[in-house]
Amino acid sequence: LFQQLEYGPERVVIAVNREGPGDVLSWQDIAKALSRNVDVRLPNAFQLTTDAQTRGLPVAQVAPGSPLTGAYELLATKISGEVSVIEESETRSPANKLGRLFGLRRK
């Protein structure tokens, strides 16, 4: 569909949602099927997501250092088109640039 719409690869972000062990398709299988790298893997953190939703808070406030928070920050960076590369260790820090932008740093 994106090729038909003439979207270049720089305009598409591939994200795997609720990724985890035991998935029928691995993120590697998805990358192979799409002939593209998976840009972001959002881990399956059902309990954390449910807790945040129930409390009416962003996941980053409920669990600032969680892998899911880091993955959301990486996804936001990729979507915003930011040029800098975020290392995996930086995505786990809520005090990074996006965290400060959205006021999601630890207090």
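Let's start by walking along the chain from its beginning: the elements come in the order β-α-β-α-α-α-α-α. Counted up, that makes six helices and two strands. Please keep in mind that what you are looking at is a predicted model.

With that order in mind, consider the chain as a whole. It has 107 residues, and buried ones make up 31% of them. The accessible surface adds up to about 7700 Å², and carbon and sulfur atoms account for 53% of that area. How do contacts link parts of the sequence? Taking contacts between residues at least 6 apart in sequence, 45% of them join residues at least 24 apart.

Now let's zoom in on strand β1, which covers residues 15-19. Two of its residues are worth a visit, R18 and E19. Is E19 buried or exposed? Its relative accessibility is 17%, and buried means under 20%, so E19 counts as buried. Leaving aside residues up to four places away in sequence, E19 touches W27, R41, L42, P43 and N44. Among these partners, R41, L42 and P43 fall within strand β2, which spans 40-43, while W27 belongs to helix α1, which spans 27-34. So this buried residue of β1 has contacts in both of the elements that come next along the chain.

R18, also in β1, is partly exposed, with a relative accessible area of 45%. Its backbone deserves a look too: phi of R18 is near 55 degrees, a positive value, although R18 is not a glycine. Why point this out? Most residues other than glycine have a negative phi.

A second residue with a positive phi is S35, at about 55 degrees, and S35 is not a glycine either. You will find S35 in the loop that connects α1 (27-34) to β2 (40-43). Is S35 buried or exposed? With 67% relative accessibility, S35 counts as exposed.

Finally, let's turn to empty space. Rolling a probe the size of a water molecule over the atoms shows where such space is left. The second largest pocket holds about 230 Å³. Which residues line this pocket? They are L1, F2, Q3, Y7, P9, V12, I14, L34 and R36. Sorted by class, the lining has seven nonpolar residues, one polar and one charged. You can trace the lining from L1 at the start of the numbering to L34 and R36, and S35, the exposed residue we met in the loop, sits between those last two in the numbering.

Terms used:
This is a predicted model: local features need pLDDT of at least 70, side-chain atom pairs count only at pLDDT 80 or more; totals for chains, interfaces and linings use all residues. Side-chain values use heavy atoms; hydrogens and water are left out. On a 1 Å grid over the protein atoms alone, a cavity is a set of points where a 1.4 Å probe fits but cannot get out, and a pocket is an open set with protein on both sides within 12 Å along at least five of seven lines; lining residues have an atom within 4 Å of a point. Grid points are joined across faces, edges and corners, and a volume is the space filled by probe spheres set on the points. Ala, Val, Leu, Ile, Met, Phe, Trp, Tyr, Cys and Pro count as nonpolar, Asp, Glu, Lys and Arg as charged, and the others, Gly among them, as polar. Helices (H or I, at least four residues) and strands (E, at least two) are DSSP runs, numbered from the N terminus. Buried means under 20% relative accessible area, exposed over 50%, partly exposed in between (1.4 Å probe, protein chains only). Contact means heavy atoms within 4.5 Å. Accessible areas come from the Shrake-Rupley method with a 1.4 Å probe; for residues, only the protein chains shown count as cover.
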